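Please open the model in the viewer and keep the sequence panel in view. The tour proceeds by selection, one region at a time.

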Amino acid sequence: MSFTVNPLSPVLGAEITGLDIAQPMGENLAKDIRQSWLDAGGLLVIRDQTLTTEQHIQFSRHFGPLFGAPGETPLQETVSRYLHPDHPEIYRVSNRVENGKPKGRAGAGTYWHSDVSFKQRPASASIMHAIEIPDIGGDTLFCNMTAAYEALSGAMKEMLAPLRAHHDFAQTAATQFAKPVVIEEDLKGDNRAIHPVVRTHGDTGRKSLYVNPGMTTGLDNFDDEESAVLLGFLFDHATQPEFTFRHHYRQGDVVMWDNRSLMHYAINDYGDQPRYMERTTSIGEKPA
């Protein structure tokens, strides 16, 4: 099965057309898609897909074990209300309400972050299926943390090389979740980790920054003021327009992003226009 790949921007992203990922897929085709994803800096948009939830999960399994799958690591308890009732691998992002209950999490991801960076083995691929989109708005910003790292001076790279940073779900909970929703179990050790500030990608070998405003609480062995200054500089540097791409969804888009080398920010600007997305998240390697 052949497909066409076109770049979406100079710094990040490519789109695939002419491919139906609802069909059973051999390992050679999955390998070609994975390579296209890596070549595009970790952001791939597969256009015009009509998938069942089961087909979405089956496709996602080609890119690693999934959070929430039987026998695998669950996501934290706080998001359990937003998981698909029959398929815990699926995290639902939506402002729709059915029978008085939210069908998914409304306003999810409205901050710069890398998915579940507070886990000892954080996310690699996140794969989002755009099932229902607003007429206008609801875009997602992505920034290329590899390009941001490579643009730093040699002296800054040398200083950052040995540093490690704390990532904690409590940081996210404080700003993104109402207190009654946060569960005490979520604030314990399973949702805290210390990772390198500069990580080496497990597939490409390229280095990238691995800190994010949503989940990184501070630099290890730095006092709070020192940490805030340096992290603030890195956050501002990484989110410059030169390193970012804004994705405007079309219905049927399947968007894959690599949390090992990207941050993303969901723009909540569509009011009460209905929006429904389903997302799987692959468990990645321990950052090094």
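A pocket is, on a 1 Å grid over the protein atoms alone, an open set of points where a 1.4 Å probe fits, with protein on both sides within 12 Å along at least five of seven lines; lining residues have an atom within 4 Å of a point. This is a predicted model, in which local features need pLDDT of at least 70 and side-chain atom pairs count only at pLDDT 80 or more, while totals for chains, interfaces and linings use all residues. Residues are numbered from 1 along each chain as its sequence is written, and side-chain values use heavy atoms, with hydrogens and water left out.

Select first L38, D39, A40, G41, G42, N144, T146, H201, T204, R206, D258 and S261, which line the second largest pocket. The space in this pocket is about 190 Å³.

Next, select strands 14, 8 and 16 (strands are DSSP E runs of at least two residues). These 3 strands form an open antiparallel sheet in the order 14-8-16. Strand 14 (244–247) and strand 16 (262–266) are the edges, each pairing on one side only. Strands count as paired if DSSP finds at least two bridges between them; strand 8 (residues 140–144) and strand 14 are joined by 4. Within this pair, T140 stands opposite H247.

Finally, select L163. Is L163 buried or exposed? L163 counts as buried because its relative accessibility is 12%, buried meaning under 20% with a 1.4 Å probe, protein chains only. Leaving aside neighbours within four places in sequence, L163 is in contact (heavy atoms within 4.5 Å) with P196, V197, F222 and L230. The C-alpha atoms of L163 and I136 are separated by 42 Å.

Definitions and conventions:
Buried < 20%, exposed > 50% of the residue type's maximum accessible area, 1.4 Å probe, protein only. Points joined across faces, edges and corners; volume = space filled by probe spheres on them.
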